[in-house]
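User: I'm new to this and keep running into labels like "buried" or "salt bridge". Can you take me through where they come from?
Analyst: Sure, let's put the structure up and go label by label.

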Amino acid sequence: MTEAARAAAAESFSDVPLDTDGVPHGQPVLDRLVGLLDLERIEENIFRGVSPAESPVRVFGGQVAGQALVAAGRTVPPERHVHSLHSYFIRGGDPSVPIVYEVDRIRDGRSFTTRRVVAIQHGKAIFALSASFQLDEPGMDHAEPMPDVPAPTSLPTYAESAAGYLEKVGMARLPRPIDIRYVTEPPWRAREDGPGEARSQVWMRADGKLPDDDLLHVCVLAYASDLTLLDSVLVRHGVYWGTDKVLGASLDHAMWFHRRFRADEWFLYDCASPSASGARGLATGRFFASDGSLVATVVQEGLLRVLR
């Protein structure tokens, strides 16, 4: 692995800023995420990535999606920017061993480039991604308006919102490279009122400064997109990870990138769930920059089993 990735995986966070709940956050934690996205090239079209030491039981889906997109992007000319990705989570990833990413150069056209990436552990595919890249060109331009919501700085921090629930809330004890502020009631609190509207809104940003690298900003957004998306399904049924007997996993993930953005500036993640059935829930998300521009759209289906 690269020196950045090696340091990122081994980082113990013994001398870094702590949130009010004692969880590491800020620039050092974000720097480790950047290091984890700095894949090692081990052969033409083959890359290797690692997971942080304190990962949950399975590799976080946003991490493997971000790393796979890095692998694809490193085989594409820098003037071509990713505009869409479609992916499937095939098996749970093992955070204790490296992940090998094999890139298939499907097509290099005059305007578009297509790549397919398979993530492999223990000789088996755990994740598959297809991504399309495009040269910039002018065209029609319109977008839906951003919802009217409070400013992020007026809202409680993630640590403040999770106070009293910390031992039960999903990934609450893991280091936080993404600053999250809930606009809607956090799902672990909303569940106390029973089933509600199938919607979740949060402000997000990378918790520090990122380098001026368009692909990196897109990959950080892909990482962040998997953090709260399925909240919109869970709040509709008044349940949440940890506080209820809910088993779940991402099944697939698709994103479309509409406009340039910086992932270290505030963006609104507006998520809703149009349907849940057959132990699966569908969620859609829209990312808006703080100036109101729509920068990305997300769709994901997740496996959700509620044990009674």
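**Strands, bridges and cores**

Analyst: Let's start in the sheet: E5 and E6 run antiparallel and are joined by 10 bridges. One thing to keep in mind is that this is a predicted model.

User: What makes E5 and E6 a pair?
Analyst: A pair needs at least two bridges between the strands, and E5 and E6 have 10. One of the contacts to look for is valine 117, whose bridge partner in E6 is leucine 129. The hairpin of E5 and E6 has 2 residues between the strands, and histidine 122 takes a positive phi near 50 degrees there.

User: How do you know that E4 pairs with E5?
Analyst: Same test: at least two bridges are needed, and 8 bridges join E4 to E5 (residues 112-121), running antiparallel. Glutamate 102 has valine 118 in E5 as its bridge partner. These strands also form a hairpin, with 3 residues between them.

User: And what about E2 and E4, how many bridges do they have?
Analyst: They have 4, in the antiparallel sense, and at least two is what a pair takes, so E2 and E4 count as one. Glycine 49 is matched with isoleucine 99 in E4.

User: Why are E1 and E7 said to stand at the edges?
Analyst: The open sheet has 12 strands in the order E1-E2-E4-E5-E6-E3-E9-E12-E11-E10-E8-E7, with antiparallel pairing. E1 and E7 (178-182) each have a single partner strand, so one side of each is left without a neighbour in the sheet. Neighbouring strands are turned by 25 degrees against each other on average, direction ignored.

User: Why is the link between glutamate 44 and arginine 105 called a salt bridge?
Analyst: The cut-off is a nitrogen to oxygen distance within 4 Å, and for the side chains of glutamate 44 and arginine 105 that distance is 3.1 Å, so the label fits. The pair links distant parts of the chain, 61 residues apart: glutamate 44 sits in the loop between E1 and E2, and arginine 105 in E4.

User: Is glutamate 44 buried, exposed or partly exposed, and what about arginine 105?
Analyst: Buried is under 20% and exposed is over 50%. Glutamate 44 comes out at 49%, so it counts as partly exposed. Arginine 105, at 35%, is partly exposed too.

User: What makes arginine 115 buried?
Analyst: Its relative accessible area is 1%, and the limit is under 20%. Arginine 115 also forms a salt bridge with aspartate 108, with the closest N and O atoms 2.9 Å apart.

User: How do you know that arginine 286 and glutamate 144 form a salt bridge?
Analyst: Their closest N and O atoms are 2.5 Å apart, and the rule asks for within 4 Å. Arginine 286 lies in E11 and glutamate 144 in the loop between E6 and H4, so the pair ties together parts 142 residues apart in sequence. Both belong to a network of salt bridges with Glu197, Arg199 and Asp270.

User: Last one: which residues have the most contacts inside the largest nonpolar core?
Analyst: That core has 69 residues, and those with the most contacts inside it are Val64, Tyr101, Phe127, Met204, Phe257 and Phe287. Helix H6 (residues 214-225) gives the most to this core, with 8 residues. Among the residues that phenylalanine 257 touches are Val218 and Leu221.

Terms used: Residues are numbered from 1 along each chain as its sequence is written. This is a predicted model: local features need pLDDT of at least 70, side-chain atom pairs count only at pLDDT 80 or more; totals for chains, interfaces and linings use all residues. Side-chain values use heavy atoms; hydrogens and water are left out. A nonpolar core is a set of buried Ala, Val, Leu, Ile, Met, Phe, Trp, Tyr and Cys residues joined through side-chain atoms within 4.5 Å. Buried means under 20% relative accessible area, exposed over 50%, partly exposed in between (1.4 Å probe, protein chains only). Contact means heavy atoms within 4.5 Å. Axes are lines fitted to C-alpha atoms, for helices over the stretch in contact, and angles run from 0 to 180 degrees between N-to-C directions. Lists of a residue's contacts leave out its neighbours within four places in sequence.
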